[in-house]
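Thank you all for coming. I would like to take a few minutes to walk through some backbone details and one chain contact, so please have the view in front of you.

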Amino acid sequence: MPPPSFAEVLPAGRFARVVLGFAALGLGALSSPGQTITLDNFNSGATTGAVVTSSSWSGQVTQNATSITVGGTATNVNGWSASRLALDASTATYLRLTVQLNSGNAANTVKTQFEDSSVNTAVFSVPTAALTTGVLTQVQIPVGTWGSGFDPASIASWSLGGGNIGSAALRMTFEHLELGSSLLALDGGTILTAGNQNYTTAQTLGGTTILNNTGSNGTAVTFGSTLNGAHGLTINTAGTVTFSRAVGNGTSLASLTVAGGASTVVDGGSIRTTGAQTYSGTVTLGDDTTFRSISGALTFLGAITGNNRALIINTTGAASSLVSASALSSFTKIGTGTLTLTGQSTYAGTTFINAGTLALGTNQALPAAGKLSLAGGTLALQGHAQTLGLLAITANSTINFSTGGTLVFANSSAEAWTGTLTITNYNTATNTFQFSTTSAGLTLAQLANIRFADYGNAPGQISALGIVTPSAIPEPSTYAALLAAAALALAAHRRRKNRSHSS
Amino acid sequence: MHLSPSPRRSLLRPLCLCASVVHLFGFSTHAQEGRSRPIGYLDQAIPTGQTRSFSVPFDPESSSLPQTVGRLTAVGTNYLENSAAAWTPGAFSTAAAPYFARITSGAHAGRMFRIVAPANTATRLHVADDGVGLATLGLETSATTGATFEIIPGDTLATFFGTTASGDTLVVHGAGDPLAADLVQVWGGAAWLNFYYNTVWQRWARDTDQITDPSRNNFLLRSDRGLMLTRRGPTPLEITVGGRVLATSQRAAHGRTANALTFLATMQAGDITLGALALQTGTRTTGWVGSADSATADLLIVWSGSSWFSFYYNTATGHWQRVGDPVNRDGYVIGAGTPVFVQRNQAGSSAADQTIVFPAPGT
């Protein structure tokens, strides 16, 4: 029985109204590199499929210029189908669908059912919970597993809809349906990924793109090659996101957000953005890695596991944060921005602060036995207690105490100190600055390189217990009194001098 | 090889009956099985113009071919093996005469697998596992202690409902127009596959077929699944099917992508209530989602004769109820042979996730 024509199923008078409504959605045509089989473009007068006769969609489908809108009393059956086809989809790896939920929809899935020439079936589905009402969304679903006995080389028919038995209202707009051998280009808009996504070739963002993963059918998103483009990329998944090659090394991404609790694997050595980077889950390094944001924040909401690799955080913009890091061969903070460690890290490698500020957001944020090498940056205790291993100074650097801050190093007398160490926000009454537990914790030359900014840049002195304090013991208030007295003396001297000149 | 008509299709004839009736009338003893299973038959009547859900709650007699009862000696990703067998290669692998292998002992007693291509060898049956991971199930394998199995005939549209071919009987109403013929609907996972017997073409056809399309005579009717029948003939249709009542629980594989629907035969030879079916219990399903909110609960959906009734297990009240109706429906009766849609809200991937254990009839 041939499918009915549009004249049979479309109510008169609804066409123009919906065309105008749809134009406001503003999403362009799909860009889909690689071989594709267009199942239906839903273009007016040129659709491949048609309303299933006697289904609840009959009379409830409105033909738009490049889409159909299902409404009225239509229910969540597969109400749109094409039959008597002869499609060879044996090379297809993805089913791609462009769909929009409309107000009033109660169907909980969008399903496409394929039937081969022997009437074996294969079904691919997307939960509507992953779609946003009123937003036209591109969906791509892996079709690698068609199901036992199904022959993708002889697809004879397909149907589309809610995939159910008609128990709920279906309100959707369908714009495109195709099978392809590659993933959609990341050219902007929201792409719903309903399964593992593997971008094997180099990708360039053509627009701000959101990859939403339904999480129901496999959740890995893998970039097997480079990723560039001056646009933002957000990946929402509960699975693993892997960057096998450098990200943003050619053209920095505007921003990168790995959301949804995904774990991130960074094997490419570098992720560079002009704006923010946010990682909602754990980050695992497969190589020495630099995270670089030119003006945005780097936010690591999960721990970084280094696999004995070097981690470099380069921030120059907004305040950044990292929960913790482990198994790093080294950790380097560069760039003028501030990075706060909010949890406790456990790596054995050296921590380098070459520029900007590494702030402690909790007690013992840095590994207790780890070496700290200050090469021009600032360690900000923010009032927390921290025990460390050795301290090396290779350029003028700063340690910023706050009320209650305690900093204890191991005996660092054998370490090279080639710059001054400025101590700020330090008070002998509330802070502890210590090197081992003996006076041999630092050499006299090292002590001379210390400048206690709040004590007139006094150099350090070390006690028998290794406590380092300003060598000029007077309290800050005493310094103020001395300065006032000196000013008075200077004024009296000038008055006397003026009188002698005038006499 | 079994011959048409179906060994379970003991009688299908136009007759007016208003309810389904199950009859148990004896025992079947298979020589190699060494124990008996009760046999019975089920009548179901479909008045003109009405639609019924339908499944066969019996196994047919095991195949009359040699050595169709035995023990598993090896299991692979897509095959079952009995090293003691000497089957005729290909005997169980033709589209016109499909077969199933039912496991009859061991931890997976009650599972059933379709025998599929490639063709069986003298000792090996290639089977479809419906995604449960055949090799990972842990089916017992040994010439002496391995899980027992039997090979049972399956049905196609032609073997179950007949044809107009010489020597055969078409037991449904055929027509040249699909809208005038009895309609047989098989759930395809997301949509119905609609079949009818085209009396002009003298073969089973899909409702979308044209004469140049292939015959659908050999379309497989899975005995572990249900179907829908719409009677359009001028008189009511009575379907009477017979076979052996299951001695073990039916372990049914079902789709476990989120919100997937599977139309399952419960293999209950007698009526059973929702409370007795008890799919919410751990012995019947793994991770059945009950909820106070039907929107987040797993559903069991039953054809009432004119509409679908959706039930869910309300964990707040501790009973089954219909969506939108707080009344306790633990006592709702699912008739013998009535298939049920199962819709699991969440995805599941393990074999246990994908298995529903329906109670053994009579337990």
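Where in chain B is the place of B:Pro118? Keeping in mind that this is a predicted model, we find B:Pro118 in the loop between strand E11, residues 112–115, and strand E12, residues 124–128, of chain B. The peptide bond that joins B:Ala117 to B:Pro118 is cis, with omega at about 0 degrees.

Let me set that beside some general background, which is that most peptide bonds are trans and that most residues other than glycine have a negative phi. With the second half of that statement in mind, I turn to phi.

In chain A, the residue to look at is A:Arg84, which is not a glycine and yet has a positive phi, near 60 degrees. A:Arg84 sits in the loop that runs between strand E5 (80–82) and strand E6 (94–101) of chain A, and it counts as partly exposed because 14 other C-beta atoms lie within 10 Å.

Chain B offers B:Gln67, again a residue that is not a glycine, whose phi is positive at about 55 degrees. B:Gln67 belongs to the loop between strand E5 (58–59) and strand E6 (69–71) of chain B, and since it has 15 C-beta neighbours inside 10 Å, B:Gln67 is classed as partly exposed.

Finally, the contact between the chains: 26 residues of chain A and 25 residues of chain B take part in it. On the chain B side that touches chain A, the residues divide into 14 nonpolar, seven polar and four charged.

Methods:
Residues are numbered from 1 along each chain as its sequence is written. Chains are lettered from A and ligands numbered from 1 in the order in which they are written. This is a predicted model: local features need pLDDT of at least 70, side-chain atom pairs count only at pLDDT 80 or more; totals for chains, interfaces and linings use all residues. Two residues are in contact if their C-beta atoms, placed from the backbone, lie within 7 Å. Ala, Val, Leu, Ile, Met, Phe, Trp, Tyr, Cys and Pro count as nonpolar, Asp, Glu, Lys and Arg as charged, and the others, Gly among them, as polar. Helices (H or I, at least four residues) and strands (E, at least two) are DSSP runs, numbered from the N terminus. A residue is buried if 20 or more other C-beta atoms lie within 10 Å of its own, exposed if 12 or fewer, and partly exposed in between; C-beta atoms are placed from the backbone.
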